[in-house]
Amino acid sequence: MTRQILLIATLALVAPAVTAQASTLPSGSVEQQITLYELVLRDGSRLYGTIEREDQNEVVFKTQAGATVTAKRSDIDVLKEVTGSLARGEFMPPDPNATRLFFAPTGRSLARGQTYLGVYEFLMPFVQIGVTDRFSIGGGTPLLFGLDDGDRPFWITPKVQIVKSSSTDVAVGVFQVFNAAGDGGGVAYAVSTSGTATGSFTIGGGMAYGNSGGRSGIVMVGGERQVRRNLKLMSENYLWKDGNGVASAGVRFFGERLSADLALGFPIGSDEFFAFPIVNFVYVF
């Protein structure tokens with residue numbers, strides 16, 4: 001049972017990842033964090049820009065491209081402030097699930113009061129709550145039935161952000177797995193994320209441990225690149241003892257609160273080559 005718990009902990013947290021950056025900013029281009037208005041019309045049109053003038057009947061809206069649009073209040077579905085990045089002249093809304101790659105944590109932290117509910121691989125529900133702007137905690141149990149009460153694993157995930165700057169975030173935490181029978185194990189880790197909201201590189205290291213006294217070091221390397229307003233390319237790769245590990249690459253689709261990950265994972269160091277799907281869904285409250 002302890003070996004199974006260690007496997008769950010390793011797969012859920014610390015498989016090192018090497019990221020593929022799909023594109024780079026042109027020379028001299030600077031990514032900026034900005035706040036704009038999002039205008040959504042009832043016909044489905046979506047615009048980003050500033051409000052030039054408004055009254056009870058209409059809104060005069062200036063888009064990023066410089067065009068002026070006059071919209072009747074009756075034609076407006078949503079008009080709200082949004083914060084994101086301006087890269088290559090295009091407004092990029094933020095990823096609501098920026099505190100994780102596919103499984104592994106990034107150095108970023110949930111804001112106080114922010115909560116996310118995730119389901120990983122359709123079997124691993126996960127809840128994480130921002131207690132403060134630097135500390136969050138969560139937990140879950142797999143959607144497996146027929147297990148004896150003493151064999152059912154549970155996990156808790158305290159995480160503390162220790163460094164936050166304009167380009168680098170560093171956090172430490174634990175993924176602790178246990179059951180009522182007294183078996184347990186997990187991963188204690190430190191992780192650093194450097195870059196911007198639209199492109200970053202994450203590297204981490206950890207120690208997997210079990211109640212029986214076993215120990216194993218793990219390295220994680222990963223990255224993400226936002227290539228469209230609601231699309232990221234991502235990679236997450238793990239390496240542990242004897243050169244074994246897992247590599248993965250795929251995409252994340254996201255909206256204002258919901259994100260969906262679709263990727264393929266590949267074993268490292270195995271005599272047989274095969275791929276397995278990675279499918280995750282996360283909703284941020």
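Hi everyone, let's begin with the chain as a whole: buried residues make up 43% of its 285 residues. Please keep in mind as we go that this is a predicted model.

What is the chain built from? There are 19 strands, together with one helix. If you take the contacts between residues at least 6 apart in sequence, 49% of them join residues at least 24 apart. As for the outside, the accessible surface of the chain comes to about 14000 Å², and carbon and sulfur atoms account for 59% of that.

Now let's turn to the largest pocket. Its volume is about 1300 Å³. The lining takes in 48 residues, and the ones closest to the centre of the pocket are Thr83, Pro94, Asp95, Pro96 and Ala98. You can find them on the structure in front of you.

Which strands supply the lining of this pocket with at least two residues each? They are S1 (32-41), S2 (46-54), S5 (76-87), S6 (90-92), S11 (159-164), S13 (184-195) and S15 (215-228). Strand S5 provides the largest share, with six residues. Sorted by class, the pocket lining has 20 polar residues, 14 charged ones and 14 nonpolar ones.

Next, the cavities. How many of 30 Å³ or more does the structure hold? There are two. The largest cavity has a volume of about 100 Å³. Its lining consists of 14 residues, and nearest its centre lie Arg100, Pro105, Tyr116, Gln128 and Lys159. Here the classes come out as six nonpolar, five polar and three charged residues.

Finally, I'd like to show you one single residue, Thr193. You will find Thr193 in strand S13, one of the strands that supply at least two residues to the lining of the largest pocket. Is Thr193 buried or exposed? Its relative accessible area is 2%, and buried means under 20%, so Thr193 counts as buried.

And what surrounds it? Setting aside neighbours within four places in sequence, Thr193 is in contact with Thr106, Gly107 and Arg108, with Ser167, Thr168 and Asp169, and with Ser200, Phe201 and Thr202. With Thr202 there is also a polar contact between the two side chains, at 2.9 Å.

So that's our tour, from the whole chain to one threonine in strand S13. Thanks for listening, everyone!

How values were computed
Residues are numbered from 1 along each chain as its sequence is written. This is a predicted model: local features need pLDDT of at least 70, side-chain atom pairs count only at pLDDT 80 or more; totals for chains, interfaces and linings use all residues. Side-chain values use heavy atoms; hydrogens and water are left out. On a 1 Å grid over the protein atoms alone, a cavity is a set of points where a 1.4 Å probe fits but cannot get out, and a pocket is an open set with protein on both sides within 12 Å along at least five of seven lines; lining residues have an atom within 4 Å of a point. Grid points are joined across faces, edges and corners, and a volume is the space filled by probe spheres set on the points. Helices (H or I, at least four residues) and strands (E, at least two) are DSSP runs, numbered from the N terminus. Ala, Val, Leu, Ile, Met, Phe, Trp, Tyr, Cys and Pro count as nonpolar, Asp, Glu, Lys and Arg as charged, and the others, Gly among them, as polar. Buried means under 20% relative accessible area, exposed over 50%, partly exposed in between (1.4 Å probe, protein chains only). Contact means heavy atoms within 4.5 Å. Accessible areas come from the Shrake-Rupley method with a 1.4 Å probe; for residues, only the protein chains shown count as cover. A polar contact is a pair of N or O atoms within 3.5 Å; within protein, one must be able to donate a hydrogen and the other to accept it, and residues adjacent in sequence count only if both atoms are side-chain atoms.
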